[in-house]
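Reader: Hi! Could you walk me through this model?
Author: Happy to, here it is.

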Amino acid sequence: MIQVNHVFHDYEGKGKFAVSDISFSVEGGSIFGFLGPSGAGKSTIQNIMTGLLPIQQGEVLYENRSVRELKTSFFNQIGVSFEQSNLYASLTGLENLKYYAALFSVPTLSPMELLDRVGLREDANKRVSHYSKGMKQRLTFARSLINKPKFLFLDEPTSGLDPKTAVGIRELILEQKARGAAVFLTTHSMELADVLSDTVAFLNGGVIAACDTPEALKRAYGKREVRVVYREDGKEHNRLIPMDDRAQLSEFLTAADVVKLHSQEATLEEIFLRVTGKELSA
Ligand code: ADP
Ligand code: MG
């Protein structure tokens, strides 16, 4: 389990906090989705959690041990996929993975099999300098899995990928959860967060505005409306009725020639807007 307790970060030391009082936990075998628009502070938190940025205030614990005390052997247990890929451009995709695998003192996955899983088998022997942005992103993602990390950090893993590739990546992320990894997923895609996350945190302006399961968020902020499709004068019509207005609902349903009923569930995107007053796709 990873615990983040009351973390603050001020890049310039001028009292302007990029993130403030951030607390949450990520259990093994679960995916924690960190959702927020550009500039919300998602990467800042990931960088603090992985030790790239020193902790100024608060605490990050891995199985009750502070990130401040973790030794280099800890890096055998984590996998990180950065938003900006940091690959060796003059090496091939395969060479990048082989080189990286050799840095670990734990068993690693086969580089070629990993390349295959992210759709890069054909390009394995091409230099990364000839890779497209999406290919580099897939290679970075594959690299983050090579040591079968117990703690996996994924910063925007599917942004800019075509839908088919994105589905493959989603499957791989779910496999990591299934083998027991604690997955911290940072994204501004509400759809990805909705599909994958066990828990979602909405980050806005450096603070967590809401944190719960996607289902609970939808229940709490959903519209609770029923859309009734009914027939009248030979045509289909729609009518929205509040779910809690039982009198209106039963009266209408009794009298109308009902074709279909839909419950109106809010999307995470709509809920984000309602909670924070901000659009996600900034
Ligand atoms: P996100 O990943 O959600 O897009 P970031 O964590 O990158 O957000 O940034 C959060 C805030 O911190 C932004 O206002 C950004 O401008 C600021 N910030 C990020 N990195 C630095 C830095 N190295 N120095 C100063 N400010 C930074
Ligand atoms: Mg970011």
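Author: What follows is a chat about pockets, surface, salt bridges and backbone.

Author: A quick note before we start: this is a predicted model, where local features need pLDDT of at least 70 and side-chain atom pairs count only at pLDDT 80 or more, while totals for chains, interfaces and linings use all residues. Residues are numbered from 1 along each chain as its sequence is written, chains are lettered from A and ligands numbered from 1 in the order in which they are written, and side-chain values use heavy atoms, with hydrogens and water left out.

Reader: Great, pockets then. What volume does the largest pocket have?
Author: About 400 Å³. Of its 23 lining residues, Thr-50, Phe-74, Phe-75, Ile-78 and Val-80 are the closest to the centre. On a 1 Å grid over the protein atoms alone, a pocket is an open set of points where a 1.4 Å probe fits, with protein on both sides within 12 Å along at least five of seven lines, and lining residues have an atom within 4 Å of a point. The volume is the space filled by probe spheres set on the points, which are joined across faces, edges and corners.

Reader: Which strand gives the most to that largest pocket's lining?
Author: That would be strand S6, residues 78-81, with three residues. Strands here are DSSP runs of E with at least two residues, helices are runs of H or I with at least four, and both are numbered from the N terminus.

Reader: How do the residues of its lining divide into nonpolar, polar and charged?
Author: The largest pocket's lining has 15 nonpolar, six polar and two charged residues. For that split, Ala, Val, Leu, Ile, Met, Phe, Trp, Tyr, Cys and Pro are nonpolar, Asp, Glu, Lys and Arg are charged, and the others, Gly among them, are polar.

Reader: And how much space lies in the second largest pocket?
Author: About 200 Å³. Its lining includes Phe-82, Glu-83, Lys-133, Lys-136, Asp-155 and Glu-156. Helix H4, residues 133-145, gives the most to this lining, with four residues. The division for the second largest pocket is one nonpolar, six polar and five charged.

Reader: Switching to the surface: which residues make the nonpolar patch?
Author: Tyr-88, Tyr-99 and Leu-103 make a nonpolar surface patch of about 330 Å². Tyr-99 sits in helix H2, residues 93-101, and counts as partly exposed because its relative accessibility is 41%. Buried means under 20% relative accessible area, exposed means over 50%, and partly exposed is in between, with a 1.4 Å probe and protein chains only. Patch residues have over 30% relative accessible area and no salt bridge, with nonpolar side chains (Val, Leu, Ile, Met, Phe, Trp, Tyr) joined within 5 Å and like charges within 9 Å.

Reader: How many salt bridges does the structure hold?
Author: Nine. A salt bridge here is a side-chain nitrogen of Lys or Arg within 4 Å of a carboxyl oxygen of Asp or Glu. One of them pairs Asp-116 with Arg-121 at 3.1 Å, N to O. Asp-116 is partly exposed at 39% relative accessibility, and Arg-121 is partly exposed at 38%.

Reader: What about Lys-126, which residue does it form a salt bridge with?
Author: With Asp-123, the closest N and O atoms being 3.0 Å apart. Lys-126 is partly exposed at 37%, whereas Asp-123 is buried at 15%.

Reader: And Glu-191, which residue is its salt-bridge partner?
Author: Arg-170, with the closest N and O atoms 3.5 Å apart. Glu-191 lies in helix H6 and Arg-170 in helix H5 (residues 163-178), so the pair ties together parts that are 21 residues apart in sequence. Arg-170 is buried at 18%, while Glu-191 is partly exposed at 42%.

Reader: Nice. Why is helix H1 largely enclosed?
Author: Seven of the eight residues of H1 (residues 42-49) are buried, so the rest of the structure largely encloses this helix. The buried ones include Ile-45, Ile-48 and Met-49. Just after H1, Gly-51 has a positive phi of about 85°.

Reader: Which residue has a positive phi although it is not a glycine?
Author: Asp-21, at about 50°; Asp-21 lies in strand S2, residues 19-26. Asp-233 also has a positive phi of about 50° without being a glycine. Asp-233 is in the loop between strands S11 (225-232) and S12 (235-242), and Asp-233 is exposed, with a relative accessible area of 71%.

Technical notes. Accessible areas come from the Shrake-Rupley method with a 1.4 Å probe; for residues, only the protein chains shown count as cover.
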